[in-house]
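Subject: Structure handover

Hello,

Here is the structure I promised to pass on. Please open it next to this note and follow along.

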Amino acid sequence: MQENRKRGDGSWGKRVINGSEYVTFAKWIGTSVRKKATVYGKTDKECLKKMKKKEAEYAELVSVTGSLMLPSQNKIALQDAMWNWILTYKKYELKPKAFDTLVSTFNTHVKDTSIGRMEVRNISKDDITRCLNSIYDKRSYSTVKKAYGLFNMFFRHYFLSAPAASPMLGVNRPVKKKDITLDEEGIADTGEMEVLSDAEIAALDKELYTEKTTMCYMLSFIMWSFVRLGEAQAIQMKDIDLEKGTLKIYKTYGRVKKEGAYSDEDESGYEWKLFAPKTQKSKRVVRLCPKALEALNNHLRILKTKRIDVLGGVPEIKPETFIFSTLDGNPYAGQNLGDLLKKSLKRAGIEKGVTIHGLRHTGISYFLRHGADLKTISVQAGHSNVATTANIYYNVVQDQIDGLYQEEYWKVS
């Protein structure tokens, strides 16, 4: 193999390891981006075989991740490498709303932070763990999950050809705090998913009906139909069958950044868009209970009155009209609905920090507490399977199970 040593294609040497002598071979590999690689073996042939394998692995790494993504050579900061990855790969892989969430997580927890300014090659599992713990000290568990997901996806891509070198190995997502207390009706109060008791539901509904506004009736409708906010915003008149008392759910509305909003020229433009629902099981026909129908009919009555007063004449609510929207056609914004809910809860004397999504949980919990079948509720809620419903509403379901063992169930006539 001496002829190979004369080509000037690398340098050869010898090395003693654990008392045995090995041949070493080092050379620069790569074309546009180069790095020095070293191998050793018992023969020249073994070294050349190992070097050929390293060259192939390195070529794959460069082709997959690009020059900004080289773990061993680049001194690029995490925030720069991650932003390049987001724009190059995730922008065209994720749905617009999911992409906006990813960008928001990056801007909040990586951009211009201590870990964001670190060189990627110097980041360790301890750095990531400390970052996640710091987030959990100040934010909710769902926020931690988003940050963990961002780091996990990025480093999996970054170290695609060398997964064993990823600092995410050994990083565990912080465990969800389980300081759960139950109210007098056995409802879990976790801070993550607060729901209302029967008495609180009655008090909130009374307050919402006192206000008699379309947005108030929308909040009541969400609670009793337990549709998601985006699903409610996407409801058009053609989706409702008032005679049968049913509602078709097959789309969701979301506010996302306009095309080009992530460029230097535009930092803020948003627009409303229709999307497919969360999962395939989210496409469903919801049978509306009397309370949901009452809220819906009250809403439609006021909506028609507003259209007459503002637009003049008797404007028809057309099949394609989005019913939970302003007269200019834009859906009621989640922020405005959330502010209204906070004020309504306060006026009703309710101290729980229930969110709009919490109204959905409240409605589902109410029906389960009052004996509704778990499978039926799971289908109505649009959950992917019954196990999802059982896990989310564990305490409510557990109370039902415990009820089966009450003495009266076992009396023999």
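**The hairpin at the start**

Arg15 stands opposite Tyr22, a residue of strand E2. Please keep in mind that this is a predicted model. Strand E1 covers residues 11-17 and strand E2 covers residues 20-29. The two strands pair in the antiparallel sense, over seven bridges. Together E1 and E2 make a hairpin, with two residues between them. Asn18 sits in the turn and has a positive phi of about 50 degrees.

**Aromatic rings**

How many aromatic pairs does a search of the whole structure find? The search gives 17. Start with Trp85 and Phe154. Their ring centres are 5.6 Å apart and their planes stand at 70 degrees, so this pair is edge-to-face. The cut-off for that label is over 60 degrees. Trp85 belongs to helix H3 (residues 78-88), while Phe154 belongs to helix H6 (residues 141-158). The pair therefore ties together parts that are 69 residues apart in sequence.

Are these two residues buried or exposed? Trp85 has a relative accessible area of 1%, so it is buried. Phe154 comes out at 0% and is buried as well. Buried here means under 20%.

Phe154 also pairs with Phe155. That pair is edge-to-face too, at 5.0 Å centre to centre and 70 degrees between the planes. Phe155 is buried, with a relative accessible area of 0%. Ring pairs join up into a cluster made of Trp85, Phe151, Phe154, Phe155, Tyr158 and Phe159.

**Charges over rings**

Two lysines are worth a look. The charged end of Lys50 sits over the ring of Tyr40, at 5.1 Å from the ring centre. The charged end of Lys291 sits over the ring of Tyr209, and here the distance to the centre is 5.5 Å.

**Helix H7**

Tyr209 also appears among the buried residues of H7. The others listed there include Glu200, Asp205 and Glu207, along with Ile201, Leu204 and Leu208. Helix H7 runs over residues 198-211, which is 14 residues. From its first C-alpha to its last it reaches 20 Å, close to the 20 Å expected at 1.5 Å a residue. Just after H7 comes Lys212, with a positive phi of about 55 degrees.

**His109 and Thr143**

His109 is in helix H4 (residues 96-109). It is buried, with a relative accessible area of 12%. Which residues does His109 contact, leaving aside neighbours within four places in sequence? They are Ile115, Cys131, Ile135, Arg139 and Thr143.

Now look from the other side. Thr143 lies in helix H6. Thr143 is buried, at 13% relative accessible area. Not counting residues up to four places away in sequence, Thr143 touches His109 and Ile135. Ile135 is thus named in the contacts of both residues.

**Cysteines**

A disulfide is a covalent bond between the sulfur atoms of two cysteines. How many disulfides does the count give? The count comes to zero. Two cysteines can still be placed by burial. Cys47 is buried, with a relative accessible area of 0%. Cys289 is buried, with a relative accessible area of 13%.

Over to you. The ring cluster around Trp85 and Phe154 is a good place to begin.

Best wishes

Notes:
Residues are numbered from 1 along each chain as its sequence is written. This is a predicted model: local features need pLDDT of at least 70, side-chain atom pairs count only at pLDDT 80 or more; totals for chains, interfaces and linings use all residues. Side-chain values use heavy atoms; hydrogens and water are left out. Rings of Phe, Tyr and Trp (its six-membered ring) pair if their centres lie within 6.5 Å; planes under 30 degrees apart count as stacked, over 60 as edge-to-face and the rest as tilted. Helices (H or I, at least four residues) and strands (E, at least two) are DSSP runs, numbered from the N terminus. Buried means under 20% relative accessible area, exposed over 50%, partly exposed in between (1.4 Å probe, protein chains only). A charge sits over a ring if NZ of Lys or CZ of Arg is within 6 Å of the ring centre and within 35 degrees of the ring normal. Contact means heavy atoms within 4.5 Å. The expected span of a helix is 1.5 Å times one less than its number of residues. A disulfide is a pair of cysteine sulfur atoms within 2.5 Å. Two strands pair if DSSP finds at least two bridges between them.
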